[in-house]
Amino acid sequence: MLNETINCSPDIWQPMRQQQVFRGLLDSFSYPGRITPCADHETSACLSILIALVDGETTLADPQQLLSSALWARLETHPCVSEKAAFILLDGASEPDFDPCIGTLDAPETGATILLRVAALHHDLTGNFSLHLSGPGIESTTSISVDGLHPAWIAARQEWVSAFPLGVDFVLCDEHNFVAMPRTTQITMGDAA
Amino acid sequence: MNSNYELPLEDAGYSFGFLDEYAKKEVRRCILKAIAIPGYQTPYASREMPMGRGFGTGGLQITLSLIGVQDTLKVIDQGSDDSVNAVNLRQFVQLTCPGVDVTEKTEEASLLQSRHRIPEKPLTEAQILILQVPYPDALVVVEASEARRKIMHAEADYSRLLVKLYEDIVHFDEITISHRYPTRINGHYVIDPSPIPRWDVPKLHQSKALVLLGAGREKKIYAVPPYTLAEPLVFDDIAFRVEDFRDATGVRHACRCCGSTVSFLDEFSNDQGMVAYQCSDSAYCEEQQQTGSAA
């Protein structure tokens, strides 16, 4: 459906570049709500993250077929249904229509990581949908705004993360940046500025 | 040994960071989940390293999975940059990660791998502290079965641990845990914060820097994210207290080298059998001696 909009440069397959992408990701998980530039500017942020994290040990769901078959071959990962996958790649503009794996009490780390592609992430409240965040990694509160995210995601997430330690971890990605919202982050939706 | 044997000449026989990329990816995935579930001991497939388990392989695997050529690494063993464990691990990283800088100055490092101490100098958001952990589970003293411990952790059921602390108070009038003090992270999981002294436990609370803890032998990684609650387990009427280093008359000992009275001190006996005190954090002590501004 959106195949042509996911970009991939040859550099991203280099371990050194993946290490830089991962360090950005580590920062964004440590400080939720901080919009982090992806270390590879020529590869779509969501794909950079997948390349840095997935391999044959993991499962990936791509229900909207955002990835080409050539990319699937290089990712070496196993396709899976959204309900069971460790990683899920989706376009954030459409509504959630499934329940992801939220882990079990003795293995909460099996809760899914959900990568949502959005049109744009904004440090300020100029986007058409504001999120106010608090929780671990955030000194008091922080706010960002997003274009191209269906509000139903935030409501659904609220449900999925309601019983800590169970939950899912979100990463919102625009073309060149990403922002992480691990399950501990409390999100309130705000009005557009 | 075969006398014709030759070591591989190319040090490029190893990939950057010694670990293969699949191993690094697994550790990286595990670290992200550990941050997302603060204090939860995330299992991972700890790799064989060319050093014995128990020599910091857990911390080392985290360091090697994070490190890149833009990093500056500091390695500490019991506060010191110059003791055996620190020197060996630092040399190993220099050998396997060409282009990485190393330093002894806390403020210059982007990654700090440490055994049993957190530096005196406060860490910043640009730094990541990696602690080597021998025993990751605080509940191991009260429950032998890991399956049951996992359930207790999931339910945040630490009543038996609190009973243990209570028994200490009954027997000795105070909680006798000197290091590895059980600490509750973000109001849920209780961690063993590795054998850091009590002195260092408050530094975990609302830390500016990410703290990652790796137990290689026990195959666990857990994290204390920045700006996160880290509360030592205590009772309402018995406050947590850190080492105070006072002598019998109530005067605080000073470091014999730099004279600091605000740092964590190691106790030594000199040749005459006299007890002497010295800063445990060697980088801090040296800086105090150079600036002469010891408090």
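This is a short talk on a predicted model of two chains, A and B, taking each chain in turn, then the contact, and then the nonpolar cores.

Let me begin with chain A, whose secondary structure comes to 4 helices and 11 strands. Its C-alpha atoms fill a box of roughly 40 × 35 × 30 Å when the box is taken along the principal axes. For 193 residues, a compact globule would have a radius of gyration near 16 Å, and because chain A has 16 Å, the value agrees with that expectation. Buried residues make up 51% of the 193 residues in this chain. If we take the contacts in chain A between residues at least 6 apart in sequence, 65% of them join residues at least 24 apart.

Turning to chain B, we have 7 helices and 12 strands, and the C-alpha trace spans about 65 × 50 × 40 Å along its principal axes. Here the globule rule, applied to 295 residues, gives a radius of gyration near 19 Å, and chain B has 20 Å, so this chain, too, agrees with the value for a compact globule. Of the 295 residues of chain B, 46% count as buried, and among its contacts between residues at least 6 apart in sequence, 61% join residues at least 24 apart.

Now to the place where the chains meet, to which chain A gives 28 residues and chain B gives 28 residues. Which element supplies the largest share of the side of chain A that touches chain B? That is helix 1 of chain A, residues 15–30, from which 10 residues come. Sorted by class, the side of chain A that touches chain B has 15 nonpolar, 5 polar and 8 charged residues.

Finally, the interior. The largest nonpolar core has 110 residues, and the ones with the most contacts inside it are A:I49, A:L50, A:L172 and B:I31, so named residues from chain A and from chain B appear in that list. Helix 2 of chain A, which covers residues 45–53, gives the most to this core, contributing 8 residues. To look at one of these positions in detail, A:L50 is in contact with A:L60, A:L75, A:F87 and A:L89, once its neighbours within four places in sequence are left aside. Apart from this largest core lies another, of 10 residues, which includes B:W199, B:C255, B:C258 and B:Y284.

If you have the model open, A:L50 and the contacts I have just listed for it would be my suggested place to start the discussion.

How values were computed. Residues are numbered from 1 along each chain as its sequence is written. Chains are lettered from A and ligands numbered from 1 in the order in which they are written. This is a predicted model: local features need pLDDT of at least 70, side-chain atom pairs count only at pLDDT 80 or more; totals for chains, interfaces and linings use all residues. A nonpolar core is a set of buried Ala, Val, Leu, Ile, Met, Phe, Trp, Tyr and Cys residues joined through C-beta atoms within 7 Å. A residue is buried if 20 or more other C-beta atoms lie within 10 Å of its own, exposed if 12 or fewer, and partly exposed in between; C-beta atoms are placed from the backbone. Helices (H or I, at least four residues) and strands (E, at least two) are DSSP runs, numbered from the N terminus. Two residues are in contact if their C-beta atoms, placed from the backbone, lie within 7 Å. Ala, Val, Leu, Ile, Met, Phe, Trp, Tyr, Cys and Pro count as nonpolar, Asp, Glu, Lys and Arg as charged, and the others, Gly among them, as polar. The radius of gyration is taken over C-alpha atoms; the globule rule is 2.2 Å times the number of residues to the power 0.38.
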